[in-house]
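I open this notebook to record, step by step, what I looked up in the structure shown below.

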Amino acid sequence: MSHCIALFSDCRILFPDNSIDLEQVNIYADKAQLEQVFINVFKNAKEAMQRIRSTDKIIEVFCHEDDKYFHIHVCDSGSGIANKNNLFVPFYTTKPQGSGIGLTLCKQILFNHDGLLSLKNRENVAGVEAVISLPKG
C-alpha cells in the first residue's frame with residue numbers, strides 16, 4: 001500500500017473546468033486504485049452538473065474521521081439521484097454514453113480496502129453527496 005497524500009491534487013488536475021475545494025488527508029492505500037475511485041466519483045459529479053443551468057458548479061471535498069474510518073465526502077451541486085435502487089447494479093446506467101460499471105467498480109475497490117461507498121441526495125441543497133470511508137491505519 002502506498003501513501004496517498006497527493007491524491008486530491010492529482011484529481012483536481014484531471015478536472016480543471018470545475019472548482020474542487022480540497023482538504024488534504026493522509027491515507028494508506030493502493031494509490032492507483034483509489035485514484036480510480038475518485039476519478040469515477042468526480043466524473044459522475046461533473047456529468048450531473050452539466051445538466052443544470054446554475055453557474056455554481058462546484059465539487060466540494062471535505063474529510064472527517066471517527067474511531068474506525070476516514071470519511072471523504074465529495075459533494076456536487078447537480079440534479080441528484082433519481083433511482084437510488086439501481087446505483088450499484090452492474091451495467092445499469094441512465095447516461096446515454098455510460099457503461100454502468102463505474103460505481104460498481106468503486107464499491108469493489110473500496111471493499112477490497114475494507115472501505116465503504118455510499119451516495120445520497122444532499123439535504124436542503126441540490127446535488128449528491130458521495131461518502132468514501134476508508135479504515136484508519
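Which residues have the most contacts inside the largest nonpolar core, and how many residues does that core have? I noted first that I am working from a predicted model. The largest nonpolar core has 26 residues, and Val74, Leu119 and Ile132 are those with the most contacts inside it. I then looked up which elements supply this core, and found that α2, β4 (58-65), β5 (69-75), α3 (102-112), β6 (116-121) and β7 (128-135) each give at least two residues. The element that gives the most is α2, with seven residues.

Entry on the overall layout. I counted three helices and seven strands in the chain, and reading from the N terminus I wrote down their order as β-α-β-β-α-β-β-α-β-β. Of the 137 residues, 39% count as buried. Taking the contacts between residues at least 6 apart in sequence, I found that 61% join residues at least 24 apart.

Entry on helix α2. I checked the length of this helix, residues 31-50, against expectation: at 1.5 Å a residue its 20 residues should span 28 Å, and the end C-alpha atoms are 28 Å apart, which agrees. At its N-terminal end I found a cap from aspartate 30, where a side-chain oxygen lies 3.2 Å from the backbone nitrogen of alanine 32. For the buried positions of α2 I listed Leu34, Glu35, Val37, Phe38, Asn40, Val41, Phe42, Ala45, Glu47, Ala48 and Met49, and I note that glutamates 35 and 47 and asparagine 40 are among them.

Entry on isoleucine 132. Having met this residue among those with the most contacts inside the core, I looked up what it touches, leaving aside neighbours within four places in sequence. Isoleucine 132 is in contact with Val37, Phe38 and Val41, with Phe70, His71 and Ile72, and with Leu110, Leu116 and Leu117.

Entry on strand β7. Is this strand largely enclosed or open, and why? Seven of the eight residues of β7 are buried, so the strand is largely enclosed by the rest of the structure. I followed its pairing next: β5 and β7 run antiparallel and are joined by seven bridges, while β6 and β7 also pair in the antiparallel sense, over six bridges. In the second of these pairings, lysine 120 has glutamate 129 of β7 as its bridge partner. The hairpin of β6 and β7 has six residues between the strands, and there asparagine 124 takes a positive phi near 70°.

Entry on serine 133. I located serine 133 in strand β7, where histidine 71 stands opposite it. The side chains of serine 133 and histidine 71 are also joined by a polar contact of 2.7 Å. Serine 133 counts as buried because its relative accessibility is 5%, under the 20% cut-off. Not counting residues up to four places away in sequence, serine 133 touches Tyr69, Phe70, His71, Gly115 and Leu116.

Entry on the cysteines. How many disulfides does the count come to? I found zero disulfides. I also looked up the accessibility of two cysteines: cysteine 63 counts as buried at 15% relative accessibility, and cysteine 75 counts as buried at 4%.

Terms used:
Residues are numbered from 1 along each chain as its sequence is written. This is a predicted model: local features need pLDDT of at least 70, side-chain atom pairs count only at pLDDT 80 or more; totals for chains, interfaces and linings use all residues. Side-chain values use heavy atoms; hydrogens and water are left out. Helices (H or I, at least four residues) and strands (E, at least two) are DSSP runs, numbered from the N terminus. The expected span of a helix is 1.5 Å times one less than its number of residues. Buried means under 20% relative accessible area, exposed over 50%, partly exposed in between (1.4 Å probe, protein chains only). A polar contact is a pair of N or O atoms within 3.5 Å; within protein, one must be able to donate a hydrogen and the other to accept it, and residues adjacent in sequence count only if both atoms are side-chain atoms. A nonpolar core is a set of buried Ala, Val, Leu, Ile, Met, Phe, Trp, Tyr and Cys residues joined through side-chain atoms within 4.5 Å. Contact means heavy atoms within 4.5 Å. Two strands pair if DSSP finds at least two bridges between them. A disulfide is a pair of cysteine sulfur atoms within 2.5 Å.
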